[in-house]
Every structure is written in structure tokens, then in C-alpha cells.
Amino acid sequence: MGGSHLKRDAALARKIAMSCRILAKLGLVKETTGHVSARNGDNHMLIRGRGPRESGLLFTRPGDILLADLEGKSLERRTGLKPPNEAVIHGEIYKARPEVACVVHAHPPSVVLSSMAGIELRPIYCGYDPSSMRLSLKGIPVYPRTLTLTTTDQVHAMQKIMGASDVCILRGHGLITVGNSVEQATITAIKVDTLARMNLQAASLGKIPAIPEEDVEEFQKRTGRGNSSSEGLWKYYSTWLDKG
């Protein structure tokens, strides 16, 4: 199916652009590096473009979002913009996991530093931030190589580590999060950053114990997934972005 016959989801492109701006304003991505995509039909995606025309993630506009196939080939002609070299990450995840509707690749300094230092993202709090607490209890896989993932073989090696998780930390590089919506994948990235920042700061204070097992057991009795509040948090961050 050619790009001219495929309907571009304009509302989805706006949402991807907003995700990029939120992540950038929070410091989870910097300058022109990092990208967000969303599935646009079964075999295509919308993804933030790279190139001399861009102004960086903080200033991402819907016009910076490109329609591409799952091989990372652009289906639109945009002077000065093309899919990122790491588009293969997004495409291979969509191929392997039909439930995934959005992929975020970001570079939170907290995640980069904690992964380089070998600091495990442990459950050291509970009521402070239940969503990130749930992520820590599930365990977050860490891909041990620090390289940029630009080939299918490299991405497949990462996927073996990631499995069915919504998160994979790339050691010394950043993270990948997925979700059934742009909102969910974006909020997951924010919550991993929260968890990493708290553990990184705790490590600087010395040995901080995990929370009591009885608190973990009580917490796990509660219903809901780690991103159950993603819609409300998305509204908060999008409002914060517009008002800031």
C-alpha cells in the first residue's frame, strides 16, 4: 500500500508531537535525540522525523511526524526530514507485538547513570508513587550493550531481553517503553525516570533498604496496572506543557 492511499491520522500525529514536547520539557530527551512513534494501521507507523529541518524535540510539531512503513521507510516526501536511524526499533516491536500501539525511545539521565553504575531500580517506596512502584515490583529488564540500535539483529537481541515487558533499559543509553496508547507509553517513560531518580539519589546516601515485605503484599492486593492513571496524568502534563 503506497503512502498516497493510506490515511494519515492527523490527531495521532498531534499526540506524538505533544509526547515529544512533554518528554523534552521534563528532560527525558535532549536536543534532537530520542523519538516517539505510534501505529497507524496494521503495517505503518507515524514517527518523529530527523534532519536539518527539525528544531529538536522540545519544539516538535505535527508536521515533523512522518508516515512510514515498518521497515522505517518514509511514505511521505518531506524536504529535510526522514525517519530516525533507530526507526528499526519501532518497526520490529510493532511486528512482534500486535498489542503495542506506541513506542517511546528516550534518554533520561537518571536511567543512563543508574544503569552505568549498576544501580538496580528497587521498590524503596510505596505510597509516594504507586505507578513507578509497580514497575519496580515487576522488574525492569536491562539490555547490557550501550550501542545505538540500527539493525534488525541488534533490535532482536534487545527484544530477547525485553520480552513482554512494557519497558527495557538500554545500559548507558536510555530506555524503550511501549503501551497501548501514546499516553500510556509516555507516562511509563516518565515513571521509569521517577523510579531511577529516586534510586540514584538513595544510592548516594548509602544503603537504603527496600520497603517491608508486608507492605509489598498489601500493595499487590490492590487492583490496577502501573499505568492505570495514564489518562489523568497525560491531561496533567499536556496542560502543564500548554501553560508553562
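Select leucine 170 and glycine 174 to begin: in β7, glycine 174 is the bridge partner of leucine 170. The model on the screen is a predicted one. Leucine 170 also belongs to a nonpolar core of 20 residues, which includes Ile47, Ile93 and Val100 as well.

**The hairpin of β6 and β7**

Next, display β6 and strand β7, residues 174–179. The two strands run antiparallel and are joined by 4 bridges. A second pair to select here is valine 167 and threonine 177, since valine 167 stands opposite threonine 177 in β7. How many residues lie between β6 and β7 in their hairpin? There are 3 residues between them, and glycine 172 in the turn has a positive phi of about 65°.

**Strand β7 and its other neighbour**

Keep β7 selected and add β4. These strands run antiparallel, with 5 bridges joining them. One pair to pick out is valine 103 and valine 178, which is the bridge partner of valine 103 in β7.

Now show the side chains of β7. Which residues point one way from the strand, and which the other way? Gly174, Ile176 and Val178 point one way, Leu175, Thr177 and Gly179 point the other way, and all are buried. The strand is accordingly described as mostly covered, with 6 of its 6 residues buried.

**The whole sheet**

Extend the selection to every strand of the sheet. The sheet is open, has 7 strands and shows mixed pairing. Following the order β3-β2-β1-β4-β7-β6-β5, one finds β7 between β4 and β6. Which strands form the edges? They are β3 and β5 (142–143), each of which pairs on one side only.

**Valine 112, beside the turn**

Move to valine 112, in helix α3, which covers residues 109–116. Is this residue buried or exposed? Valine 112 counts as buried, because its relative accessibility is 17% and the cut-off for buried is under 20%. Apart from neighbours within four places in sequence, valine 112 is in contact with His107, Gly172, His173 and Gly174. Glycine 172 was seen earlier in the hairpin turn. To practise a distance, select the C-alpha atoms of valine 112 and alanine 189: they are 13 Å apart, while the two residues are separated by 77 residues along the chain.

**Valine 104 and the largest nonpolar core**

Select valine 104 next. Not counting residues up to four places away in sequence, valine 104 touches Leu23, His35, Val36, Leu175, Ile176, Thr177, Ala185, Thr186 and Ala189. Valine 104 is one of the residues with the most contacts inside the largest nonpolar core, together with Ile16, Leu23, Ile140 and Val192. This core has 42 residues. To view the elements that give two or more residues to it, colour α1 (10–25), β1 (35–39), β3 (65–69), β4 (102–106), β6 (167–170), α6 (182–205) and α8 (230–243).

**Threonine 186**

From valine 104, step to threonine 186 in helix α6. Threonine 186 is buried, with a relative accessible area of 0%. The side chain of threonine 186 makes a polar contact of 2.8 Å with the side chain of serine 19. Beyond residues up to four places away in sequence, threonine 186 touches Ser19, Leu23, Val104 and Trp234.

**Helix α2**

Select helix α2, residues 87–96. Why is this helix described as largely enclosed by the rest of the structure? The reason is that 8 of its 10 residues are buried. The buried residues are Ala87, Val88, Ile89, His90, Gly91, Glu92, Ile93 and Tyr94. To see what covers them, add β1, β2 (44–48), β4, α5 (152–162) and β7, which are among the covering elements.

**The complete chain**

Finally, show the whole protein chain, which has 8 helices and 7 strands. The radius of gyration is 18 Å, close to the 18 Å that the globule rule gives for 244 residues, so the chain is as compact as a globular protein of that length. Along the principal axes, the C-alpha atoms fill a box of roughly 60 × 40 × 30 Å. Of the 244 residues, 52% count as buried. The accessible surface comes to about 11600 Å², and carbon and sulfur atoms account for 52% of that surface. Among contacts between residues at least 6 apart in sequence, 71% join residues at least 24 apart.

Key:
Residues numbered from 1 in each chain as written. Predicted model: local features only at pLDDT ≥ 70, side-chain atom pairs only at ≥ 80, totals over all residues. Heavy atoms only, no water. Core = buried A, V, L, I, M, F, W, Y, C linked by side-chain atoms within 4.5 Å. Buried < 20%, exposed > 50% of the residue type's maximum accessible area, 1.4 Å probe, protein only. Contact = heavy atoms within 4.5 Å. Polar contact = N/O pair within 3.5 Å; in protein donor to acceptor, adjacent residues only side chain to side chain. Rg over C-alpha atoms; globule rule 2.2 N^0.38 Å. Areas by Shrake-Rupley, 256 points an atom, 1.4 Å probe, with all protein chains shown as cover. Pairing = 2+ DSSP bridges.
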